[in-house]
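Student: I would like to go through this model with you. Could you take my questions one topic at a time?

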Amino acid sequence: MEKFLDVVRSNNLVQAVLCIAFGLFLMIYPSITIQGIIMLFGVALALMGVAGVASYFRQRSVRYRNPGTLMSAAFYLIIALIAFVFPKVIAGFFSVVLGVVLILCAIVNVVRAFALRDFGSSIWIAVLVAAVVVGVGGVLIVVNPWGASMTFVLVLGGAFIANGAVDLFIEWYQRDSENRGDSMVHSH
């Protein structure tokens, strides 16, 4: 069980650091838009599709041609075409997904805040406030998914930074509490 908890803790730390890094990237480069990211994604898929088609037809013998390769290449090319033709629709869907992820992160942090309340410290209030801020950011993104403007990117970046900071703080606080508990046990 101890190893499982260590894995969960390290996973939480990695997620927190990634949230902060992604948030900082968005705050430093707010001119990048979700539509721009979708277009880059479309270019990557188009290249993968072209490479798949070339790989399929490079086989001289029809017998050795893998139809799965051709099907996946066609799929990549179709998705790339959709990304190029409808980047705003995909960006809106992508934005909604990100907003929902932030709302879910906020809910998890609200639950964690109430769990921290049991430690007897008032720190749970700060965690709860930060979780509510992250949740509000997520709701704003879901309500206006096509607002892929600089403000949207800044709100998204701030929400990711806040979520990562809350996760880091909770991890630090729980480890600190455990260490104090261990030192009390060992001193008696």
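Student: What share of the 188 residues of the chain counts as buried?

Tutor: Of the 188 residues, 31% are buried. Buried means under 20% relative accessible area, exposed means over 50%, and partly exposed lies in between, with a 1.4 Å probe and protein chains only. This is a predicted model, in which local features need pLDDT of at least 70 and side-chain atom pairs count only at pLDDT 80 or more, while totals for chains, interfaces and linings use all residues. Residues are numbered from 1 along each chain as its sequence is written, and side-chain values use heavy atoms, with hydrogens and water left out.

Student: What is the average pLDDT of the chain?

Tutor: The chain averages a pLDDT of 76, and 81% of the residues score at least 70. Here pLDDT is the predictor's confidence in each residue, from 0 to 100. Among the elements of the chain, α3 has the highest mean, 85, and α1 the lowest, 70.

Student: How many helices and strands are there?

Tutor: The chain has six helices and zero strands, giving the pattern α-α-α-α-α-α along the sequence. Both kinds of element are DSSP runs numbered from the N terminus: helices are H or I with at least four residues, strands E with at least two.

Student: And what part of the contacts comes from residues 24 or more positions apart?

Tutor: Such pairs account for 80% of the contacts in the chain with a separation of 6 or more. A contact means heavy atoms within 4.5 Å.

Student: Turning to the interior, which residues make up the largest nonpolar core?

Tutor: There are twelve residues in the largest nonpolar core: C19, L26, L98, L102, A106, V134, I141, V153, L156, A159, F160 and A162. At least two residues each come from α1 (2-28), α4 (87-117), α5 and α6 (150-187). Helix α6 gives the most to this core, with five residues. A second, separate core has nine residues, including W124, V166, I170 and Y173. A nonpolar core is a set of buried Ala, Val, Leu, Ile, Met, Phe, Trp, Tyr and Cys residues joined through side-chain atoms within 4.5 Å.

Student: Is N109 buried or exposed?

Tutor: N109 counts as buried because its relative accessible area is 1%. This residue lies in helix α4. Not counting residues up to four places away in sequence, N109 touches V127, A131, N163, V166, D167 and I170. Of these contacts, V166 and I170 are among the members of the second core.

Student: What about R117, where does that one lie?

Tutor: R117 also belongs to helix α4. With a relative accessible area of 42%, R117 is partly exposed. Its C-alpha atom is separated by 10.0 Å from that of V127, ten residues apart along the chain.

Student: Which residues is I123 in contact with, neighbours within four places in sequence aside?

Tutor: Those contacts are F169 and Y173. I123 is found in helix α5, residues 123-143, and is partly exposed at a relative accessible area of 22%. The C-alpha atoms of I123 and F169 are separated by 9.8 Å, although the two residues are 46 apart along the chain.

Student: And S177, what is its relative accessible area?

Tutor: The value for S177 is 14%, so S177 is buried. S177 lies in helix α6. Its C-alpha atom and that of F119, 58 residues apart along the chain, are separated by 8.4 Å.

Student: Now the outside. Which residues form the nonpolar patch on the surface?

Tutor: The patch consists of M39, V43, L47, I78, L81, I82, F84, V85, F86 and V89, with about 910 Å² of accessible area together. Patches are made of residues with over 30% relative accessible area and no salt bridge; like charges are joined within 9 Å, and nonpolar side chains (Val, Leu, Ile, Met, Phe, Trp, Tyr) within 5 Å. A salt bridge is a side-chain nitrogen of Lys or Arg within 4 Å of a carboxyl oxygen of Asp or Glu. Helices α2 (34-58) and α3 (67-85) each supply at least two residues, and α3 has the largest share, five residues.

Student: Why does L81 count as exposed?

Tutor: L81 is exposed because its relative accessible area is 54%. L81 lies in helix α3.

Student: Where is V89 placed?

Tutor: V89 sits in helix α4 and counts as exposed at 53% relative accessibility. The C-alpha atoms of V89 and Q35, 54 residues apart along the chain, are separated by 9.0 Å.

How values were computed: Accessible areas come from the Shrake-Rupley method with a 1.4 Å probe; for residues, only the protein chains shown count as cover.
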